[in-house]
Amino acid sequence: MTSKNPDKPLAFPPGFLFGAATSAHQVEGGNHNQWTVWELENAKSLAKQAEYKLTWLPDWQGVKDQATDPSNYVSGQACDHFNRYREDFDLLRRMNMNAFRFSVEWSRIEPREGVWDAAAFVHYKKYVGQLRSLNIEPVVTLMHWTLPVWFAEKGGFARRGNVKYFVRFAKKVFMELGGDIKYFCTLNEPEVYTSKGYYWGEWPPNRQSRLQAMWVYLNLASAHNRTVRAGRRLGGAWLFGLSKDCAHNYPGDDAWLSRLSAALANWALDYFFLNMVRRKLDWLGLNYYFSNRFFGYRIHNPEHPQNDLGWTMEPRNLQFVIERLSRKYRRPIMVTESGVADRGDRYRKWWISASLAAIARAIAGGARVDGYLHWSLLDNFEWAFGKWPRFGLAEVNYRTLSRRLRPSALWYGQTIKKLRR
Ligand code: FCB
């Protein structure tokens with residue numbers, strides 16, 4: 001692999017983390033949380049809505065059958081990763097990876113308020129132990145959007161008084177699993193969680209209230225800060241971060257309104273939250289999927305190809321997001337997610353290659369980047385879209401549950417081998 005100058009190979013620092021990411025709810029199967037309840041209530045309606053909401057997708061004909069089938073919208077056994085994790089970690093090993101991001105499922109660990117499930121900890125201990133035995137660095141997310149039903153029923157993060165339950169859960173995880181963990185990621189994409197669930201009303205709990213959305217956002221910032229404080233008090237040598245979804249927002253022309261809109265987007269979508277937690281970040285996780293090009297206050301993206309979800313693909317802009325965040329927050333950045341819904345595996349290799357080149361350029365320019373964790377290891381349950389979007393390095397056959405590394409994954413594995421130092 002080479003950068004723009006073909007004679008100059010990409011350079012990554014020693015110990016750079018090359019890996020993949022998942023989240024519990026999307027792969028484990030057999031969960032019972034606020035999302036599984038919501039899926040069962042909404043599967044039929046989502047399948048119906050697909051018939052008029054998704055027909056514009058680039059490959060609508062190819063995904064139509066699945067997208068209009070209610071069973072697509074129920075996570076159910078998902079990839080059965082809960083039982084097949086050893087097989088899945090073998091895929092990491094085959095790709096020469098040295099890092100893996102996953103989340104622990106709060107609803108398994110504390111199925112009822114104040115009741116801890118010892119078996120769940122036994123499971124996650126074995127899970128982490130297995131990664132360690134393969135020399136794969138675990139990056140553990142505490143909240144990747146799913147909540148125990150009892151916590152959601154108490155009002156979830158919409159109530160400040162509930163933050164203490166999350167902190168208590170986090171402390172329990174630090175004590176039970178912390179011995180084997182260096183990187184903890186408190187929250188996944190607080191902005192997406194809040195806007196989808198409380199502003200647009202598309203995800204559980206389907207609220208459409210600016211006021212409540214703001215409140216949830218503030219409470220999540222507080223949850224992060226209090227969790228990190230609690231973790232530091234426990235005295236472990238942990239490094240705390242969170243995963244923030246950040247786009248590359250840029251003006252399409254020189255007009256003042258275009259420039260202002262891009263700057264406002266950075267502020268409203270990124271800095272507003274990050275400024276509240278910046279003192280409690282050892283590292284900053286970045287989830288990058290798209291860019292927004294502003295003309296005036298409207299977004300018109302270039303005519304780049306789109307992935308199966310209709311997201312315009314501009315992987316090289318990852319460089320600019322890293323540079324922006326790194327200048328502003330002066331923390332090591334870890335790319336905790338980035339990838340494509342690409343069932344034909346037409347774009348994934350190009351995406352990864354352009355992303356690695358973008359990271360290498362950011363590093364050469366002075367940014368500190370500690371890892372690239374591709375989304376995702378496996379095809380998985382893509383929230384309200386269900387199972388048809390295919391983000392996996394490994395293709396999952398949902399009937400037989402067999403896995404197969406896609407050609408892009410085999411290529412990525414060879415590339416990692418060459419790049420690892
Ligand atoms: C991110 C989520 C992740 C996955 C990808 C495609 O926003 O964190 O769970 O759904 O998008």
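## Strand pairing and a helix contact

In this predicted model, Arg-101 stands opposite Val-139, a residue of strand E3. The strands concerned are E2, covering residues 99-103, and E3; they pair in the parallel sense over 5 bridges. Strand E3 also pairs with strand E4, residues 183-188, to which it is joined by 4 bridges, and these two strands run parallel. Within E4, Cys-185 is the bridge partner of Thr-141.

The two pairings of E3 may be set side by side.

| Pairing | Sense | Bridges |
|---|---|---|
| E2 with E3 | parallel | 5 bridges |
| E3 with E4 | parallel | 4 bridges |

Is strand E3 enclosed or open to the surroundings? Strand E3 spans residues 137-143, and 7 of its 7 residues are buried, so the strand is largely enclosed by the rest of the structure. A residue is counted as buried when its relative accessible area is under 20%. In a regular strand, side chains alternate between the two faces of the sheet.

A second feature concerns two helices. Helix H10 (residues 210-234) packs against helix H11 (residues 256-277) at an angle of about 40 degrees, and their axes are 9 Å apart. Because of this angle, H10 is oblique to H11. The crossing of the two helices is right-handed.

Which residues make the contact? From H10 come Met-214, Tyr-217, Leu-218, Leu-220, Ala-221, His-224 and Asn-225, while H11 contributes Leu-269, Phe-272, Phe-273, Met-276 and Val-277. Of the residues in this contact between H10 and H11, 10 are nonpolar, 2 are polar and none is charged.

Terms used
Residues numbered from 1 in each chain as written. Predicted model: local features only at pLDDT ≥ 70, side-chain atom pairs only at ≥ 80, totals over all residues. Heavy atoms only, no water. Buried < 20%, exposed > 50% of the residue type's maximum accessible area, 1.4 Å probe, protein only. Pairing = 2+ DSSP bridges. Axes fitted to C-alpha atoms, helices over the stretch in contact; angles between N-to-C directions. Parallel < 35°, antiparallel > 145°, perpendicular 65-115°, else oblique. Left-handed = near helix turned anticlockwise from the far one by under 90°. Contact = heavy atoms within 4.5 Å. Nonpolar A, V, L, I, M, F, W, Y, C, P; charged D, E, K, R; others polar.
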